Amino acid sequence: MSGVGGAPAKATREAFGEALLRIGADPRIVVLGADLNKSTKADAFAARYPERFFELGVAEHNMIGTAAGLALAGKIAWCSSFACFVAGRFETIRLSVCYSGANVRIVGSHAGVGIGEDGYSQMGLEDIAMMRSLPTMTVLQPADDVETERMVEYLVEPLIGPVFLRLVRQKVERVHAPDYRFQFGKADVLRDGGDLAILATGGTVAHALHAAERLEADGVRAGVVNVHTIKPLDVDCVVDLARKTSRLMTVEDHSIVGGLGGAVAETLAERHPTRLHRVGVRDVFGESGTPEALYAQHHLDAPGIREEALAFLGRT
């Protein structure tokens, strides 16, 4: 599997580790871990900058609280674990990070059913909904390795405040050229289409692009938008797409409750009522399986997205 320019697929967590190492020369940056540094790829930073790396063990509450303290002391603190584990420490994030407005970058890796065989106990399927609900919190999810690197570089800016950066375990196809420029808060239109607009995020974006190609053969002109900034959502882009196509579809490796689909639904209800179809994990717990099989089961791969789109358009 390869993407733009024939680049090999790479997990966004891998790109995060590489980018973190590059920005690590900045003395303001400190990194904290909770016994999963090899998995989140923070271990390279730990090896190069041991004096600015702090291992807190299997104690995510402590990791997040310590990160907040370091941030309030003037550091830009990065802490990482699986998305489900950091979201499970919601109360600490709520008070120590968001209420305090601390410059903490919380990295939730291994998100969604894409984690595969490890099963539901390791899957972050509710994390976006939880993080979106917190005042001062920004929620970002890159589509590929290039976008991950640009996001990490952008997040060196300390005035942004609390950030949740959602990453995946599985390798994802590249959808951006190496010179891609990340624009915070601005949805990334990858393909235009007049019949349907597909808004995808994270590991589903490349699949959405392939689905749009298949839909073209079905006589459906489907646009694809990469929503990398889930909060704050690019409301103007959503409303503009609704006016142009009258039918929107969201695709995400997350519960359909409270994630990207929820954010788009809230926007449409307030600004421009439009038919919306949400594709994601439909109010069920995750289970063990290969990432490919689970994406197929939840219609998050190209054939599944195509099938959902045709049904939505009444063309089955």
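A residue counts as buried when its relative accessible area is under 20%. With a relative accessible area of 2%, alanine 242 therefore belongs among the buried residues. Keep that cut-off in mind as we walk through this structure, which is a predicted model.

## The whole protein

Let's start with the overall picture. The protein contains 13 helices and 12 strands. Its radius of gyration is 19 Å, close to the 20 Å that the globule rule gives for 316 residues, so the protein is as compact as a globular protein of that length. Along the principal axes, its C-alpha atoms fill a box of roughly 60 × 40 × 40 Å.

How much of the protein is buried? Of its 316 residues, 59% count as buried. Looking at the outside instead, the protein exposes about 12,200 Å², and carbon and sulfur atoms supply 51% of that area. As for charge, there are 33 positive and 40 negative side chains, and the centres of these two sets lie 3 Å apart.

The chain also meets itself across long stretches of sequence. Among contacts with a separation of 6 or more, 79% are between residues 24 or more positions apart.

## The largest nonpolar core

Next comes the interior. The largest nonpolar core has 35 residues, and those with the most contacts inside it include Val113, Leu196, Ile198 and Met249. Among the elements that give two or more residues to this core are strands E8 (196–200), E11 (247–255) and E12 (275–281), along with helices H12 (291–297) and H13 (302–312). Helix H9 gives the most to this core, with 7 residues.

Valine 113 is a good place to look around. Leaving out residues up to four places away in sequence, valine 113 touches Met123, Leu125, Asp253, Val281, Leu294, Tyr295, His298 and Leu300.

## Three buried residues

Here are three residues to find in the structure, each with its element and accessibility.

| Residue | Element | Relative accessible area |
|---|---|---|
| Phenylalanine 53 | strand E2 (residues 53–55) | 14% |
| Threonine 148 | helix H8 (residues 145–154) | 0% |
| Alanine 242 | helix H10 (residues 235–245) | 2% |

Phenylalanine 53 and leucine 32 are 21 residues apart along the chain, with their C-alpha atoms separated by 5.8 Å. Beyond residues up to four places away in sequence, phenylalanine 53 touches Val31, Leu32, Gly33, Asn37, Ala42, Phe45 and Ala46.

Alanine 242 pairs up with a distant stretch too: alanine 197 is 45 residues away along the chain, and the two C-alpha atoms are separated by 8.1 Å. Which residues does alanine 242 touch, not counting those up to four places away in sequence? They are Leu248, Leu268, His272 and Thr274.

## A closer look at helix H8

Threonine 148 sits in helix H8. Setting aside neighbours within four places in sequence, threonine 148 is in contact with Thr12, Ala15, Phe16, Pro142 and Leu167.

Is helix H8 mostly covered or mostly uncovered? Helix H8 is mostly covered, with 8 of its 10 residues buried. Those buried residues are Asp145, Val146, Glu147, Thr148, Glu149, Arg150, Met151 and Val152. Their cover includes helix H1 (12–23) and several strands: E3 (76–82), E5 (138–140), E6 (163–166), E7 (188–191) and E9.

How values were computed
Residues are numbered from 1 along each chain as its sequence is written. This is a predicted model: local features need pLDDT of at least 70, side-chain atom pairs count only at pLDDT 80 or more; totals for chains, interfaces and linings use all residues. Side-chain values use heavy atoms; hydrogens and water are left out. Helices (H or I, at least four residues) and strands (E, at least two) are DSSP runs, numbered from the N terminus. Buried means under 20% relative accessible area, exposed over 50%, partly exposed in between (1.4 Å probe, protein chains only). Contact means heavy atoms within 4.5 Å. A nonpolar core is a set of buried Ala, Val, Leu, Ile, Met, Phe, Trp, Tyr and Cys residues joined through side-chain atoms within 4.5 Å. The radius of gyration is taken over C-alpha atoms; the globule rule is 2.2 Å times the number of residues to the power 0.38. Accessible areas come from the Shrake-Rupley method with a 1.4 Å probe; for residues, only the protein chains shown count as cover. Lys and Arg count as positive and Asp and Glu as negative; His and the chain ends are not counted. The place of a charge is taken as NZ of Lys, CZ of Arg, CG of Asp or CD of Glu.
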